Amino acid sequence: MEIDEKDKFDVALLDLSLTDSRGLKTLEKFLSKEGYLGCPTIVLTGYEDEKTGFEALQKGAVDYLNKGKINSYLLVKSILYACIRKDNQALLKAKEVAENTAEMKQRFLASMSHELRTPLNVVIGTASLLEQSEHTQQQQKYIDALKITSQSLLGLINNILDVSKIESGKIELENKPFELTKVLEDLMQLYSFKSKDKKLGLYKKFDLSLPNYVIGDSLRLNQVLINLLDNAMKFTESGGEVELKAKVIDETEDTSTICFQITDSGIGIAPEKLESIFDSFVQADESTTRLYGGTGLGLSISQHLVGLFGGQLSVESEYGKGATFGFTIDLIRDKETVFIPIEEKVELSSVRANDDYTKILLVEDHDFNQMIAIQLLKNWSNKIEVDIAHNGKEGVEKVTKNYYDLVLMDIAMPEMDGLTATKMIRTTLPDNKKNIPIIAMTAHALKTEMEKCFAAGMNDFISKPIDQSLLFKKINKVLNLAEEEKKGGIPKPAEPSAINELSGLKVDLVYFDHLACGDPDLKMTLIKSVLDDLPIELEKIKVAYSEENVEEFYKVAHKLKSTFGYVGLKESPAINKVLVRPTEREEKFYFEFVDFEHFKVISKEVLSQINDIYFKENKSI
Amino acid sequence: MKILVVDDDPVIVKALESRLSREGFEVFATLNPNEAVTELKDEEKEPFDLIISDIVMPYISGIELLTEIKRVTPHTPIILISALDQKELILTAFELGAQDFVVKPINLDELLLRITKYMPREESK
């Protein structure tokens, strides 16, 4: 049979009624890559011949029909199922492709934003340090420029993440109080440097009745205005003019309707292009890209954001004479929030009774970031002592050996990352150490990352580049909480964790009922074999532990783990902490932290519980 | 149908031995992988139709055992007993020719279903 019409059939019916091997060979050829029709194949087998049908199924046919039993209903049913199966496979494949693409994109964006934030953190941090050192007024202006531009770059990096969010409709506006006039003045300052560079006139026209304090999303508003101002600057030649206008056009009791306009005297837009300039990746002219650069994303994002604010971005332009972009939105006036002037300093709260230094351990692998964090902290208070660990492993060691009030923990580090280190501190250290406050400092600003930090047991989270007053507030918060816990804490018994864990330790032998399948004698035999075998294995692991034979230790641990699993303790953290084998790289290190004495107490308890059940049930049989 | 069971865990060995015999299979169950290999090599005895083996055992790894089994009796299907976190190991085992696996703690009904799949045709119900 010649098959030159691939993908043209929905279902193939193949008669294999000759019970020789040739029929199956035809099927094989049929389903092979070269001959594959791209459609499900149903085979017809001879009277009384179920065996060929089975074999055909194994070779890849979707169904078989016995000629002796076939009728039109069976045939239709079989064909229908084959079709559904085909559609289903195509769907599954399409879904898989779509999911993979989306996931790749998300990963790419996450890692991009991380890569970009890391160096930017250094820029922003260095600017802060520079500002705190001695400098002239002229230099202050340079520092301001550095600060504002790096902040706006940070905003742009966040935009990269936005594009994907917009595409998936996931972007939402925040509703937070902010200073509208300050946002506008900051923008003017930012662009005054740029306009001087390009020898443009930059003008502002702000309505005197503009509300100072409003509630909304300042970052997104800023983002739209920056996009529009960037465009205006880009498409205006030297000697031209750019103007930012903000005007109140209506007021209700709670809201102000404000019209923002950015006007330039640049190249303008041809009338026929006016409609399409808001589309993604479209600029007025292809030559525009060559001349002026840009991705063509800015206006598309801006229009979308303005839409979220409840407005619409519009444009008026006379070709060759400039353009005016504008939008009108309602902003809620904020009457409650009291804004703290930036000059007001956050003081290190003197939570500690004596006048001791507050000891902070900084776990951070990056030299620049270390320098910045140390300087920030030292400038903040001379009552702070900072110690450094270069990776998570060193961090855990230092916390084990020394006393600290607080740990600042980077996430991505060589040797051991911050999440693992935190988990180790929380699970393997003695009680007086394991509850030390830990604040994550990470360049990943994604929510999932934040959740991971909390899941690992961190107390708080701050994203890089570090906002210093936010950091100080968070430090105060966790220190105060830790102090309160200490004061309010009831004196605990000597071995609280062991006792607490023992009270939650309950052996459950229901799995043995399943294994024994209702045979009480067999159940008893099986439990007895655990009672015989477990002490031997426990002895083995004890020897391996005392000889520090890591390999042997985890070998025995593996078996013990499944034994503890049978007796209903699969999820017991106290047991898993000791028995779950860490990755090869970390096992030696984990091994050092195994609390074997505690494990012995637990296993003794488990054994005695099994023993009790065994003798109780044995009597009742 | 003759089945070989090898696992270092006495609970599993006893439970499988008892349940499989009750289901009408001929079972040889052992805690010792070396004994399993000796039994496989014994040409005087009737060959096994199926092997059920733990993938991690002390002293000889499941992978080593698997390699040895495949050398001695390349066509006998093998079902592995593994833990969920041994994905890599399971993949390696498949590459080496294992047919199937069940995860600990074993569900005996599931295991029986899987065994049925590898029964010689004339015995299948």
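The following exercises, with worked solutions, concern a predicted model.

**Exercise 1. Backbone and surroundings of A:Lys199**

Task: Determine where A:Lys199 lies and whether A:Lys199 is buried or exposed.

Solution: Begin with the position in the chain. A:Lys199 belongs to the loop that runs between helix 5 (180-198) and strand 5 (201-206) of chain A. Next, consider the backbone: phi of A:Lys199 is near 55°, which is a positive value in a residue other than glycine. Finally, count the neighbours. There are 10 other C-beta atoms within 10 Å of A:Lys199, and a residue counts as exposed if the number is 12 or fewer. A:Lys199 is therefore exposed.

**Exercise 2. The setting of A:Glu415**

Task: Identify the loop that holds A:Glu415, and classify the exposure of this residue.

Solution: The loop in question lies between strand 13 (406-410) and helix 11 (418-428) of chain A. Phi of A:Glu415 is near 70°, again a positive value in a residue other than glycine. For the exposure, 16 other C-beta atoms are found within 10 Å. A residue is buried at 20 or more and exposed at 12 or fewer, so A:Glu415, with 16, is partly exposed.

**Exercise 3. Contacts of A:Ser265**

Task: State which residues A:Ser265 contacts, leaving aside its neighbours within four places in sequence.

Solution: First, locate the residue: A:Ser265 is in the loop between strand 8 (255-264) and helix 7 (286-292) of chain A. With 19 C-beta neighbours inside 10 Å, A:Ser265 is partly exposed. Once those sequence neighbours are set aside, the contacts are A:Thr236, A:Gly240, A:Glu241 and A:Gly322. As a further step, take A:Ala323, which is 58 residues from A:Ser265 along the chain; the C-alpha atoms of the two are separated by 6.7 Å.

**Exercise 4. Enclosure of helix 8**

Task: Explain why helix 8 of chain A is described as largely enclosed by the rest of the structure.

Solution: Helix 8 covers residues 298-308 of chain A, and 9 of its 11 residues are buried, so the helix is largely enclosed. Among the buried residues are A:Leu299, A:Ile301, A:His304 and A:Val306. After the helix comes A:Gly310, with a positive phi near 95°.

**Exercise 5. The side of chain A that touches chain B**

Task: Describe the contact between chain A and chain B by residue number, element and class.

Solution: Start with the totals: 18 residues of chain A are in contact with 15 residues of chain B. On the chain A side, the elements giving two or more residues are helix 2 (50-59), helix 16 (510-516), helix 17 (520-546) and helix 18 (550-566). By class, this side comprises 8 nonpolar, 6 polar and 4 charged residues.

Key: Residues numbered from 1 in each chain as written. Chains lettered and ligands numbered in written order. Predicted model: local features only at pLDDT ≥ 70, side-chain atom pairs only at ≥ 80, totals over all residues. Helix = DSSP H or I, 4+ residues; strand = E, 2+ residues; numbered from the N terminus. Contact = placed C-beta atoms within 7 Å. Nonpolar A, V, L, I, M, F, W, Y, C, P; charged D, E, K, R; others polar.
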